[in-house]
Amino acid sequence: ITAQSQATNARISLTMNSPDQHRSLKLTIPQSSRSPGLMLFPRDGGCVLYDPIEGNIQTNLGDFPGCRFLANSGNWLLVLDSGSNLYIIDVFSKETIPLPSLESIESADCIVKRVGDREFIRDESGAIYGDLSADVVRGLLWVSESGKEYVVVWLFDLPGHSYMSFCKNGDSHYTDIPLVFDDYAFHKYDGLSDMVLCGTRLYVSTSRRFVRVFDLSGPQGFFKDITGQIPFPMLSHHDYAYDSSIAVTTSSGEVLLVESDPSSRTWFRLYKKDPDVEDPDHACHTVTEVHSLGGEALLLDLGFAVPANKALGIEPDSIYFTRHFRPCHCSPRDLDICVYNLATKTLHRYHNLNKMDLMDARWFLPSGN
């Protein structure tokens, strides 16, 4: 753990709630409910918990001056502080886990160096990449229900980047996952257009929309491409005309393609792999549209579908959405907090949140702790 990470922990410890405050906070969250909630991040800092059913802010979850929130998993947030240090924190209990520094990457042919609080350079066998900044760091997070296991994936989100890095609980450094092949025959699997982390499995949509699957379980430094012999492209007739992203069903691990209108966002379309496509390498349309999630709900922020339960407020065939921001798109976060029902083709927006000056917002399912 770097000295900066230790300093970060000290700053966090000073802002922790007392045990009595924490017990009081837990009482404000229905212990039997796992309905999707909203974590809101005002531009002036901090994080607040919003109840979309009651339409009010339940509580202030804390102040995080100078921090960016890269991802969430249950109660946990992946945070990048003003000194470019990564950590994860349970926003309810304030338990904090420091992560290796961004420059601690184990690689045979590259070195990452910090040249300031927010600037880095990467030397890949003599090729120098000097435009790396903490401002373009993006990430994914998965934390187990017990909070004892986690996976963190991050990258410098720049056009043409050739790698992403990850670590798990117990790791002392990050491991690179190359996103570019030296062999020309594999160039269709190069790059990144979207990514989803489900447990220890990482789903990567390449620049040409082929989906690769990586197994990140096992000892430090281990990862394995378990896609199979023929990665399948997720291509619709409209794929490059509209916003698109991938998602994964937790019940079967099936990959979905989700499209939406980027201008007014009045609709979403959902697709699954077309089993009748015989030659996906040469097909321009490889998916078939579906109008149901089969009893599940899609939290598009997290990239996966979960079993619906009306009693718990998780509506079936619904897409929970806050913003469209995907790797390599180099576009603003474009907040648009809404729920879209696939069956009725109706969209519900939370207009009262427009009055708040929000930097970001995320749907989440509270952990069962």
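In what order do the four strands of the open sheet with antiparallel pairing come? The order is S4-S5-S6-S7. Keep in mind that this is a predicted model. The chain has two helices against 30 strands, so strands and their pairings take up most of this briefing.**The chain as a whole**

- Of the chain's 369 residues, 53% count as buried.
- The accessible surface adds up to about 16,400 Å², and carbon and sulfur atoms account for 52% of that surface.
- Take the contacts in the chain with a separation of 6 or more: 48% of them come from residues 24 or more positions apart.

**The open sheet, S4 to S7**

- S4 and S7 (96-98) are the edge strands, and each of them pairs on one side only.
- From one strand to the next, the twist averages 20 degrees.
- S6 (residues 86-90) runs antiparallel to S7, and three bridges join the two.
- If you want a residue pair to look at here, Ile-88 has Ile-97 in S7 as its bridge partner.
- The loop between S5 (76-80) and S6 holds Ser-84, whose phi is near 65 degrees, a positive value in a residue other than glycine.
- Most residues other than glycine have a negative phi.
- Ser-84 has a relative accessible area of 1%, so this loop residue counts as buried.

**Ser-73, on edge strand S4**

- Ser-73 belongs to S4 (residues 68-73), which is one of the edge strands of the open sheet.
- Is Ser-73 buried or exposed? Ser-73 is buried, because its relative accessible area is 11% and the cut-off for buried is under 20%.
- The Ser-73 side chain reaches the backbone nitrogen of Val-143 at 3.0 Å.
- Leaving aside residues up to four places away in sequence, Ser-73 touches Leu-141, Trp-142 and Val-143.

**Nonpolar cores**

- The largest nonpolar core has 33 residues, and Leu-40, Tyr-203 and Ile-337 are the ones with the most contacts inside it.
- Strand S30 (residues 358-364) gives the most to this core, contributing three residues.
- Another core, of 27 residues, lies apart from the largest one; Trp-76, Val-136, Val-137 and Leu-158 are among its members.
- In soluble globular proteins, nonpolar side chains tend to be buried together.
- Tyr-203 has a long contact list once residues up to four places away in sequence are set aside, including Asp-194, Met-195, Cys-198, Arg-212, Val-213, Ile-246 and Val-255.

**Strand S18 and its partners**

- How many of the six residues of strand S18 (residues 210-215) are buried? Six of the six are, so S18 is largely enclosed by the rest of the structure.
- Phe-210, Arg-212 and Phe-214 point one way from S18, while Val-211, Val-213 and Asp-215 point the other way. All of these residues are buried, Arg-212 and Asp-215 included.
- S17 (residues 201-205) runs antiparallel to S18, with five bridges joining them.
- Across that pairing, Tyr-203 stands opposite Val-213; this is the Tyr-203 that is listed for the largest core.
- S17 and S18 make a hairpin with four residues between them.
- Arg-209 sits in the loop between S17 and S18, and its phi is near 70 degrees, another positive value in a residue other than glycine.
- With a relative accessibility of 12%, Arg-209 counts as buried.
- S18 also runs antiparallel to S20 (residues 232-233), through two bridges, and there Phe-210 stands opposite Pro-233.
- S19 (residues 224-225) is joined to S18 by two bridges, again antiparallel, and Asp-215 stands opposite Lys-224 in S19.

**Val-290, in strand S24**

- Val-290 is found in S24 (residues 287-290).
- At 18% relative accessibility Val-290 counts as buried, because the cut-off is under 20%.
- Where does Val-290 make contacts, not counting residues up to four places away in sequence? Val-290 touches Leu-270, Tyr-271 and Lys-272.
- Val-290 and Tyr-271 are 19 residues apart along the chain, with 5.5 Å separating their C-alpha atoms.

How values were computed: Residues numbered from 1 in each chain as written. Predicted model: local features only at pLDDT ≥ 70, side-chain atom pairs only at ≥ 80, totals over all residues. Heavy atoms only, no water. Buried < 20%, exposed > 50% of the residue type's maximum accessible area, 1.4 Å probe, protein only. Polar contact = N/O pair within 3.5 Å; in protein donor to acceptor, adjacent residues only side chain to side chain. Contact = heavy atoms within 4.5 Å. Core = buried A, V, L, I, M, F, W, Y, C linked by side-chain atoms within 4.5 Å. Pairing = 2+ DSSP bridges. Axes fitted to C-alpha atoms, helices over the stretch in contact; angles between N-to-C directions. Areas by Shrake-Rupley, 256 points an atom, 1.4 Å probe, with all protein chains shown as cover.
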